[in-house]
Amino acid sequence: MTALLEPYSGVEPDAAWRDEVRRLVDQRDAVLLAHNYQLPAIQDIADVTGDSLALSRIAAESDKSTIVFCGVHFMAETAKILSPDKTVLIPDARAGCSLADSITGADLRAWKAEHPGAVVVSYVNTTAEVKAETDICCTSSNAVDVVASIPEDREVLFCPDQFLGAHVKRITGRRNMHIWAGECHVHAGINGAELAERAAANPDADLFVHPECGCATSALYLAGEGIVPSDKVKILSTGDMVTQARSTRATSVLVATEVGMLHQLRKAAPEIDFQAVNDRASCKYMKMITPAALLRSLRLVKDEVHVDAQTAERARASVRRMIEVGKPGGGE
Ligand code: 13P
Ligand code: SF4
């Protein structure tokens, strides 16, 4: 799924494109969903832009017969698992995810065999095959609640993101939690040294840090050492960043996540100066959903996402548990 080819190109996101996209969305009886890391033009044309938990819930509840998921493949796959009778389209099925690629179903089966009786918690950034081997899925916005809901005497296997896992372990104080050593190449590249430097240069700024970041530990270290006041460091999912932007009193915010996030933040709070900690933190997979790809998708009813019935059946329970845990937010 991660073989990289050139994104579909050659279409400007102008007024004619917007009219044609919205006309086709109606004609296809579709709901158009976009993740917070999508290109601004895609975020702006979607019915809903949000985080992965909010979009999963909206996909599950929609009364439309078609879901067009502007995000990466595991997100569209999750929508298909929840709504097997709907047509689920992703504008470019080559939009994969390096984090989802860091564990396979076979890897997880072998890990489970080493820890019989453990409860498996998988981040939503996983393939359907991995979800089928999972007890309960989570996203960054409800990972802490999901792990806290598991009886304390049960061992937990958490996969695949090591930084989110470390954050959850720290917050829950859970000792019997084993963490898979996967990472997202975009977030792992946002490191603590860079964050410390930016924080020192902007002492009044809030720090919004996604828990997938390699810098999450350092952000908490900076707070713990008093280098940055602890009330300034917020570890947040992408949706919770938007919620926080609406209520913070800060006039500037340093944002440690994929750069697509800045668009929703600036829309939510135009008076705040939002700056990326690392402005090279762009996910090439998310950016494969171009205006040309979306138009092609709606015109040709492509790329349709399929999950084989047996895998979907096994994965559904863990995904349903995920959407039941945690408060609404993130675009809902
Ligand atoms: P959230 O929208 O759940 O915070 O996820 C971030 C992400 O990396 C999705 O790929
Ligand atoms: Fe996957 Fe990272 Fe891209 Fe999110 S930002 S889709 S976790 S590669």
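Begin by selecting helix α4 (residues 73–82) together with helix α15 (residues 309–324) in this predicted model. The two helices pack with their axes 9 Å apart, at an angle of about 100°. Because angles of 65 to 115 degrees count as roughly perpendicular, α4 and α15 are described as roughly perpendicular to each other. To display the contact, show Thr 78, Ile 81 and Leu 82 on the α4 side; on the α15 side, show Ala 312, Ala 315, Arg 316, Val 319, Arg 320, Met 322 and Ile 323. Coloured by class, this contact comprises 7 nonpolar, 1 polar and 2 charged residues.

Keep α4 in view and add helix α3 (residues 52–61). The axes of α3 and α4 come within 9 Å and cross at roughly 35°, and the crossing is right-handed. On α3, select Ser 52, Ser 56, Ala 59 and Ala 60, which meet Met 75, Thr 78, Ala 79 and Leu 82 of α4. The class division here is 5 nonpolar, 3 polar and no charged residues. Thr 78 and Leu 82 deserve a second look: they take part in the contact of α4 with α15 and in that of α4 with α3.

Next, turn to the nonpolar interior. In soluble globular proteins, nonpolar side chains tend to be buried together. The largest nonpolar core of this model has 104 residues. Select Val 21, Leu 32, Leu 33, Val 121, Leu 265, Phe 274 and Leu 294, the members that touch the most other members. Helix α4 gives the most to this core, with 6 residues.

Centre the view on Val 21. Which residues does Val 21 contact, leaving aside its neighbours within four places in sequence? They are Leu 32, Ile 45, Leu 294, Leu 295 and Leu 298. Leu 32 and Leu 294 are also among the residues of the core that touch the most other members.

A second, separate core is the next selection; it has 9 residues, including Ile 103, Trp 111, Ala 118 and Val 130.

Finally, select helix α12 (residues 238–247) and helix α13 (residues 261–268). Their axes come within 9 Å and cross at roughly 25°, and α12 and α13 are therefore roughly parallel to each other. The crossing of α12 past α13 is right-handed. Display Thr 238, Met 241, Val 242, Ala 245 and Arg 246 of α12, which meet Met 261, Gln 264, Leu 265 and Ala 268 of α13. By class, the contact has 6 nonpolar, 2 polar and 1 charged residues. Leu 265, already selected in the largest nonpolar core, is one of the α13 residues in this contact.

Definitions and conventions
Residues are numbered from 1 along each chain as its sequence is written. Chains are lettered from A and ligands numbered from 1 in the order in which they are written. This is a predicted model: local features need pLDDT of at least 70, side-chain atom pairs count only at pLDDT 80 or more; totals for chains, interfaces and linings use all residues. Side-chain values use heavy atoms; hydrogens and water are left out. Axes are lines fitted to C-alpha atoms, for helices over the stretch in contact, and angles run from 0 to 180 degrees between N-to-C directions. Helices (H or I, at least four residues) and strands (E, at least two) are DSSP runs, numbered from the N terminus. Angles under 35 degrees count as roughly parallel, over 145 as roughly antiparallel, 65 to 115 as roughly perpendicular and the rest as oblique. A crossing is left-handed if the near helix is turned anticlockwise from the far one by less than a right angle, and right-handed if clockwise. Contact means heavy atoms within 4.5 Å. Ala, Val, Leu, Ile, Met, Phe, Trp, Tyr, Cys and Pro count as nonpolar, Asp, Glu, Lys and Arg as charged, and the others, Gly among them, as polar. A nonpolar core is a set of buried Ala, Val, Leu, Ile, Met, Phe, Trp, Tyr and Cys residues joined through side-chain atoms within 4.5 Å. Buried means under 20% relative accessible area, exposed over 50%, partly exposed in between (1.4 Å probe, protein chains only).
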